[in-house]
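Student: Could you take a close look with me at one part of this model? I'd like to go through the charged pairs slowly, with some context around them.

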Amino acid sequence: MKYFSLLFFLMIFSGYSQTNFGDSERFPIFPECENKSFDDEEQCFKSTLKVKIAEQFQLPEKFINAGYQGEILVLFEVANNGSFAVNFIDADYPQLEKELRRIFTALPPVSPATYNGRAVDMQFRMGVKIPLDLNFSQGEDFGEEVVVVEATEPVIPENDLSQDIANEYDQIVSLGYDNKRASSELNIPLSHELYSRFDAEVNRVGTNFHTSSKPFLYNEVQPYYDFEAEEEKLYKPKTSWFGRKLWNEHLVTFQGENYWFAADFGVDLQLGKDFESDLEVTYNNTRAAILQGGLGKNFNFYTVLYENQGRFADYYNRFAESIGPENREPATIPGRGIAKEFMGQAYDYPVAEGYLSYSPGKFFNLQFGHGKNFIGDGYRSLLMSDNATPYPYFKLNTKFWKIKYTNTWMSLRDVRAEVTGEGSFRTKYMANHFLSYNVTKRLNLGFFESVMWENDNNRGFDLNYLNPVIFYRAIEFSTGARAGNAIIGLTGKYKWNDDLNLYTQFLIDEFSSGDIFGGEGSWKNKLGFQLGVKYFDAFNVENLYLQVEYNQVRPYTYSHNTITLNYGHNNQSMAHLWGANFRELVAISRYKYERYYGHLKMVYGKRGFDFNTPEDNAAYGGDIYTSEYDRAFETRVEIGQGNTTNSFFAETEAGYIINPTTNLKIYGSFIYRNFSPTINTPTTFDNTTYWLNFGIRTDIFNWYYDY
């Protein structure tokens, strides 16, 4: 039946040579052709090759059903040892290229071509056309005219290299792109929807995968989730250049023998309406240029440049303006970048991200970049989140046995007016390490430690924290009581079965056993914890993903009595986006079917805000940028103290994946937000939002609207 699967092909196979083959030049010979006369060797080689391809080629069913029409060009050679080698395949779809390459790889050795009795390499070009005419009957002969093999000159050693040098530039041609990204050292972009596609696969009972240190590398996940195969399942049988680029492929690709790159144009175009706002519409207009690639097997690069203008729902605009650099620009768009005013009622906020990734050996991966990182298995993280704007970092991942050890060193900024000077923002540094250990095939435990320090006394980047295997808390104490701010954390995950995972985090920002266990609710009791559950293929519904998560952080956690040593960057928390002094419950459901996806998210929380009035200017512990010296209480400190606020946030989104390779999506979303404080103040007041939004975006980062 394999032979007749190729009845949909019309293959032109009539040969010619750049030189006339005489007795001194002979074609390769299959074993089936050994008894043929000299005059019949050429035709026998062509016919036998035709039959072997026809017997083995398996045209994917979706191409048959779609009546696909196209042509495949393959350049190959028979080496002087008789083996076949493919030099280049030009096909409209990776599936067709992959299938033809598989066939040539499986071809048996033949007797090589000869020149004057000496074995030589011989190169060939074969054109394979796929017509729409499917009227062939089973068993019909293809005929002698159905395959063309054009033979080049036999490869003969030359002493004069001048001709090769003159043609060196012309010889730089793409060998055909075969999705090198899937096995590369590149990061999988931090997108909740994208990660949910393979979350179940990497969390199966018995796997030795470490799921808490993100972003993952493609080659880490590839053994569990075949990116190339999953993307190919969604490909549309398009033959035009525009159709293939829109629905299936990168915009520009090039692949050499030891290098490759892909370039894309990305967008994030949103248009919506906040029904409680006086503004006519909300919008976001993002254009992005994305370049990624690899040099050799172990070195990869990625860069993306965003140009953005936007105006959002009123509550989101107010928050963006509240965290903007004081006395400078009007706002900081959460998670994106510092913004300047645009057309009076909108913001212009450029963003750039990128990194270099290199693995010097089997156990190590090094990255130097400008971006974000995440520690944890939950929707939120109390240790390290992708909530803040991008920052410079250097990261070392070490993986061996049942352990993955992640070290990250970062340069952060404090943009408040009271700490800036001479036209520049205040620099501070953070170093953290996270040790993940798969104790059993079901249980994972992790230890996290982080320290923040400022550039005081021209201290710069303190070499004390460069050691990746040292206890930061001890170093922080030895460099001065107020020289740094260290926190520690514990993580855990238990795989109940392949479909059900439990996970947790526990955070300690201040450790004084007398205060913590004294029962008086001391302000030094700076703790937080997370507890969550994930349910994959819920209720036996394939691709239905459910998640419930509880988070709470006590007042004054992440803050410090030294003005810059809070756990923040660009007026945003490096952990939970609410800062501290809260408890919340998060419920999320996600579903995906082929190119369609949807999610529903609900967040209910109790938060405590400062009053920020002339009558009461104390710090109640929710704002991590306030000083502990301004605290309202010494004891009886409780979550939600201050201006207690109940908030409810619900978001639903449904969309269609236009291009699975670039993760381009079209979608519609609706957000409901109710914010109800005990007392209305100029900065914290009762408000309700109904926000409808439609858009098209290249989904390679997370938007968080649940502030």
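How many salt bridges does a search of the whole structure find? And could you then zoom in on Glu 220 and its salt bridge with Lys 399?

Tutor: Sure. Keep in mind that this is a predicted model. The search of the whole structure turns up 29 salt bridges.

Now to Glu 220. Its side chain meets that of Lys 399 in a salt bridge, at 3.3 Å from N to O. Glu 220 sits in helix α6 (residues 218–221) and Lys 399 in strand β21 (residues 391–400), so this pair ties together parts that are 179 residues apart in sequence. Glu 220 also forms a salt bridge with Lys 404, where the closest N and O atoms are 3.0 Å apart. Lys 404 belongs to strand β22 (residues 403–414), so its pairing with Glu 220 in helix α6 joins parts that lie 184 residues apart in sequence. As background, side chains of opposite charge can pair when their charged atoms come close.

What about burial? Glu 220 has 11% relative accessibility, and because the cut-off for buried is under 20%, Glu 220 counts as buried. Lys 404 is buried too, with a relative accessible area of 3%. Lys 399 has 37%, which lies between the 20% and 50% cut-offs, so Lys 399 counts as partly exposed.

For another pair, go to Arg 631 and Glu 634: they form a salt bridge with their closest N and O atoms 2.9 Å apart. Here Arg 631 is partly exposed at 22% relative accessibility, and Glu 634 is partly exposed at 44%. There is also a network of salt bridges that links Glu 193, Arg 197, Asp 268, Lys 665, Arg 697 and Asp 699.

One more acidic residue is worth a stop: Glu 353, in strand β18 (residues 351–358). Its relative accessible area is 17%, so Glu 353 is buried. Leaving aside neighbours within four places in sequence, its contacts include Tyr 302, Tyr 306, Arg 336, His 370 and Pro 390.

Finally, a covalent link: the structure holds one disulfide. It is formed by Cys 33 and Cys 44, with the sulfur atoms 1.9 Å apart, and at -85° about the S-S bond the link is left-handed. Cys 33 is in the loop between β3 (25–26) and α1 (41–56), while Cys 44 is in helix α1, eleven residues apart. Both ends are buried: Cys 33 at 2% relative accessibility and Cys 44 at 10%.

Definitions and conventions: Residues numbered from 1 in each chain as written. Predicted model: local features only at pLDDT ≥ 70, side-chain atom pairs only at ≥ 80, totals over all residues. Heavy atoms only, no water. Helix = DSSP H or I, 4+ residues; strand = E, 2+ residues; numbered from the N terminus. Buried < 20%, exposed > 50% of the residue type's maximum accessible area, 1.4 Å probe, protein only. Contact = heavy atoms within 4.5 Å. Disulfide = S-S within 2.5 Å. Salt bridge = Lys/Arg side-chain N within 4 Å of Asp/Glu carboxyl O.
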